[in-house]
Amino acid sequence: MLPTRTDAPDDAYSLSRTELLRAPTLVAAGGLGALTLLRFHDPHQSGSYGYCPFLLLTGQPCPGCGGLRAMNNLTHGDLVGALSSNAMAVVLLVVMGAAWIVWFFQRWRGRPAPLLAANSPVLWGLVVAFFVF
């Protein structure tokens with residue numbers, strides 16, 4: 001039985017460990033699936049994943065441009081190539097990986113914590129870094 005707290009709703013801590021770990025497991029499976037796709041379907045060929053609508057409309061690359069190429073480079077072990085394609089995507093992968101690990105272990109301990117809370121300094125740091133980038 002998971003611990004209960006008096007300041008939390010009664011049903012918040014009545015979830016089983018399997019129910020608590022379902023979301024982190026599905027997020028990990030989705031992320032690994034996306035990285036597997038990027039490993040085998042090369043985004044370096046123009047149009048292989050479609051075209052960036054922001055780039056088509058403005059002629060300027062968006063902050064996400066190069067992100068698929070960066071992840072493809074990482075899956076091939078090319079950190080320098082990944083950083084040159086989109087350094088922000090590499091940083092985002094590392095930060096979100098660390099946030100996922102914290103989320104998983106919070107859930108493992110029986111706490112129904114979100115991946116990133118709205119008042120999380122990590123979330124706000126990512127938002128600021130995105131706009132600065």
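Asparagine 73 is found in helix 3, which spans residues 67–75. The model is predicted, and the protein in it has five helices and zero strands. This briefing starts from helix 3 and its two asparagines, then moves to the core, the surroundings of the helix and the surface.

**Asparagine 73**
- Asparagine 73 has 9% relative accessibility, so it counts as buried, the cut-off being under 20%.
- The side chain of asparagine 73 forms a polar contact of 3.3 Å with the side chain of histidine 44.
- Leaving out residues up to four places away in sequence, asparagine 73 touches His44, Asp78, Gly81, Ala82 and Ser85.
- One of these partners, Ala82, is also a member of the largest nonpolar core.

**Asparagine 72**
- Asparagine 72 lies in helix 3 as well.
- With a relative accessible area of 4%, asparagine 72 is buried.
- A polar atom of the asparagine 72 side chain lies 2.5 Å from the backbone oxygen of leucine 38.
- Residues up to four places away in sequence aside, asparagine 72 touches Leu38, Arg39, His41, Asp42, Pro43 and His44.
- His44 therefore appears in the contact list of asparagine 72 and in that of asparagine 73, both of which are buried.

**Helix 3 as a whole**
- The buried residues of helix 3 are Gly67, Ala70, Met71, Asn72 and Asn73.
- These buried residues pack against helix 1 (17–40) and helix 4.
- Just after helix 3, glycine 77 takes a positive phi of about 80°.

**Nonpolar core**
- The largest nonpolar core has six residues in all: Leu38, Ala70, Met71, Ala82, Ala89 and Val90.
- Helix 3 and helix 4 (79–108) are the elements that give two or more residues to this core.
- Helix 4 gives the most, with three residues.
- Leucine 38, a member of this core, touches Pro43, Tyr49, Leu68, Met71, Asn72 and Thr75, not counting residues up to four places away in sequence.
- Leucine 38 thus has a core residue, Met71, among its contacts, and its backbone oxygen lies 2.5 Å from a polar side-chain atom of asparagine 72.
- In soluble globular proteins, nonpolar side chains tend to be buried together.

**Glycine 66**
- Glycine 66 sits in the loop between helix 2 (53–58) and helix 3.
- Its relative accessible area of 7% means that glycine 66 is buried.
- Glycine 66 is in contact with Ser85 and Asn86, its neighbours within four places in sequence set aside.
- Ser85 is also listed among the contacts of asparagine 73.
- The C-alpha atoms of glycine 66 and proline 43 are separated by 8.9 Å, with their positions 23 residues apart along the chain.

**Surface**
- Trp124, Val127, Phe130 and Phe131 make a nonpolar surface patch of about 450 Å².
- One of these residues, phenylalanine 131, is placed in helix 5 (residues 121–132).
- Phenylalanine 131 counts as exposed because its relative accessibility is 67%, the cut-off being over 50%.
- The protein exposes about 8,900 Å², of which carbon and sulfur atoms supply 68%.

**Whole protein**
- Along the sequence the pattern is α-α-α-α-α.
- Of the 133 residues in the protein, 22% are buried.
- Among contacts with a separation of 6 or more, 45% are between residues 24 or more positions apart.

How values were computed: Residues numbered from 1 in each chain as written. Predicted model: local features only at pLDDT ≥ 70, side-chain atom pairs only at ≥ 80, totals over all residues. Heavy atoms only, no water. Helix = DSSP H or I, 4+ residues; strand = E, 2+ residues; numbered from the N terminus. Buried < 20%, exposed > 50% of the residue type's maximum accessible area, 1.4 Å probe, protein only. Polar contact = N/O pair within 3.5 Å; in protein donor to acceptor, adjacent residues only side chain to side chain. Contact = heavy atoms within 4.5 Å. Core = buried A, V, L, I, M, F, W, Y, C linked by side-chain atoms within 4.5 Å. Patch = residues over 30% accessible without salt bridge, like charges linked within 9 Å, V, L, I, M, F, W, Y side chains within 5 Å. Areas by Shrake-Rupley, 256 points an atom, 1.4 Å probe, with all protein chains shown as cover. Salt bridge = Lys/Arg side-chain N within 4 Å of Asp/Glu carboxyl O.
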